[in-house]
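This report describes the fold, the ligand surroundings and selected backbone features of one protein chain. Please consult the sequence and the structure shown below while reading.

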Amino acid sequence: MSGPFLELSQATVWRGADVSIPALRDLSLVLDEGESVAILGPNGSGKSTLLQLIAGSLRIENREGSVCRLFGEELWDIDELRHRIGLVMPEEVARFYPDELAFDVVLSVFRGAYGVVRGMRFSKAEREAASRAVDRMGVESLIDRGFGELSSGERRRFLIARALAQDPKILVLDEPTTALDFASAAGLQKELRGLLSEGRTLVWVTHHPGEILPEIDRVILLRDGRLFADGAKRKILTPARLRNLFGLPLKVSWSRGWCEVRA
Ligand SMILES: Nc1ncnc2c1ncn2[C@@H]1O[C@H](COP(=O)(O)OP(=O)(O)OP(=O)(O)O)[C@@H](O)[C@H]1O
């Protein structure tokens with residue numbers, strides 16, 4: 001372990017002007033570098049909001065006793081943070097023009113931009129780092145294709161390559177296997193296990209407990225923007241707790257570190 005990269009204490013986050021309920025409420029949580037974690041919860045429970053807090057792109061309500069520290073700092077430089085934390089969110093796909101070259105999508109991370117990099121200069125080191133990340137995700141044959149021409153799974157791989165190009169130690173993934181077919185999801189899981197074995201830390205939001213990799217032991221459950229449970233997955237993912245969380249009876253079984261949940 002190398003110390004906390006996120007420290008939240010009584011953190012509340014409001015999103016949107018006309019809302020009466022915060023997206024996260026009084027959340028207290030510590031995430032340590034070296035400890036990967038899966039985050040689960042019903043729709044609207046605040047999972048993506050928490051990821052954006054981790055990536056430094058949202059702020060908490062300024063209240064006495066409320067704290068949000070990233071790498072021990074309450075003020076951070078977003079460019080520096082991007083080198084340390086790679087964020088992949090499904091809605092990023094829509095931020096790129098369909099005719100953007102897939103390789104340019106990867107390069108855009110070095111300028112904190114979403115595409116439109118034609119005309120920008122990149123150093124040899126940046127191009128090489130982008131190529132390494134693309135190779136890593138197995139999409140090198142597609143680099144000259146338009147981003148909009150790619151399948152969902154291919155686009156997802158390019159977005160992960162984009163996040164990896166800056167070699168972050170922490171990778172934050174919002175539902176990375178959504179819309180992927182069985183083989184693509186399994187292939188991506190294999191790549192992500194490889195990243196874990198290199199000592200990277202994954203923060204993985206998922207709707208499916210069955211996707212939680214055996215290497216990831218800690219599970220955080222959110223409900224209505226609050227912390228519902230946090231701990232070792234075998235203690236947390238029990239039928240009683242999941243019934244409480246999702247409001248329906250569920251069966252839970254385990255096999256070699258994988259969890260299966262059925263209605
Ligand atoms: N840009 C926004 N403006 C206003 N409210 C928002 C915005 N984004 C999210 N919210 C609200 O914040 C709350 C938490 O949303 P969030 O996206 O974090 O939940 P989630 O657990 O990731 O949901 P899902 O599983 O559906 O992706 C929800 O009530 C949502 O409506």
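Which residue with a positive phi follows α1? The residue is Gly56, and its phi lies near 80 degrees. The model discussed here is a predicted one.

## Overall architecture

The secondary structure of the protein chain amounts to 8 helices and 11 strands. Its radius of gyration is 19 Å, close to the 18 Å that the globule rule gives for 263 residues, so the chain is as compact as a globular protein of that length. Along the principal axes, the C-alpha atoms occupy a box of roughly 55 × 45 × 40 Å.

Of the 263 residues in the protein chain, 37% are buried. Among contacts with a separation of 6 or more, 64% join residues 24 or more positions apart.

## The sheet of 6 strands

One open sheet contains 6 strands in the order β5-β6-β7-β3-β8-β9, and its pairing is mixed. The edges are formed by β5 (85–88) and β9, each of which has a single partner strand, so one side of each is left without a neighbour in the sheet. From one strand to the next, the twist averages 15 degrees.

Within this order, strand β3 (residues 37–40) and strand β7 (residues 201–205) are paired in the parallel sense over 3 bridges. Ile39 stands opposite Val205 of β7. Helix α5 (residues 152–164) packs on the sheet, where it touches β5 and β6 (170–174). The direction of α5 makes about 165 degrees with that of β5.

## The sheet of 3 strands

A further open sheet is formed by 3 strands in the order β2-β1-β4, with antiparallel pairing. Here β2 and β4 (67–70) stand at the edges with a single partner strand each, so one side of each has no neighbour in the sheet. The twist from one strand to the next averages 15 degrees.

Strand β1 (residues 4–13) is joined to β2 by 6 bridges, and the two strands run antiparallel. Ala11 has Leu27 as its bridge partner in β2. Helix α1 packs on this sheet and touches β1, β2 and β4, its direction making about 125 degrees with that of β1.

## Helix α1 and the ligand

How many of the residues of helix α1 are buried? Helix α1 (residues 47–54) is mostly covered, with 7 of its 8 residues buried. These buried residues are Lys47, Thr49, Leu50, Leu51, Gln52, Leu53 and Ile54.

The residues surrounding the ligand include Lys47, Ser48 and Thr49, numbers that fall in the range of α1. Also around the ligand are Arg15, Gly16, Val19, Ala23, Gly41, Asn43, Gly44, Ser45 and Gly46. By residue class, this shell divides into 2 nonpolar, 8 polar and 2 charged residues.

## Leu245 in helix α8

Is Leu245 buried or exposed? Leu245, which is found in helix α8 (residues 239–246), has 20 C-beta neighbours inside 10 Å and therefore counts as buried, since the threshold for a buried residue is 20 or more.

Leaving aside residues up to four places away in sequence, Leu245 touches Gly41, Pro42, Leu221, Arg223 and Phe228. One of these, Gly41, is also among the residues that surround the ligand. The C-alpha atoms of Leu245 and Arg223 are separated by 6.9 Å, although the two residues are 22 residues apart along the chain.

## Positive phi at two aspartates

Asp26 is not a glycine, yet its phi is positive, at about 45 degrees. Asp26 belongs to strand β2 (residues 24–32), an edge strand of the sheet of 3 strands. With 17 other C-beta atoms within 10 Å, Asp26 is partly exposed.

Asp224 likewise has a positive phi, of about 50 degrees, without being a glycine. Where does Asp224 lie? Asp224 is located in the loop between β8 (218–223) and β9 (226–232). Asp224 has 15 C-beta neighbours inside 10 Å and so counts as partly exposed.

Key:
Residues numbered from 1 in each chain as written. Predicted model: local features only at pLDDT ≥ 70, side-chain atom pairs only at ≥ 80, totals over all residues. Helix = DSSP H or I, 4+ residues; strand = E, 2+ residues; numbered from the N terminus. Buried ≥ 20, exposed ≤ 12 C-beta atoms within 10 Å, placed from the backbone. Pairing = 2+ DSSP bridges. Axes fitted to C-alpha atoms, helices over the stretch in contact; angles between N-to-C directions. Contact = placed C-beta atoms within 7 Å. Rg over C-alpha atoms; globule rule 2.2 N^0.38 Å. Near = placed C-beta within 6 Å. Nonpolar A, V, L, I, M, F, W, Y, C, P; charged D, E, K, R; others polar.
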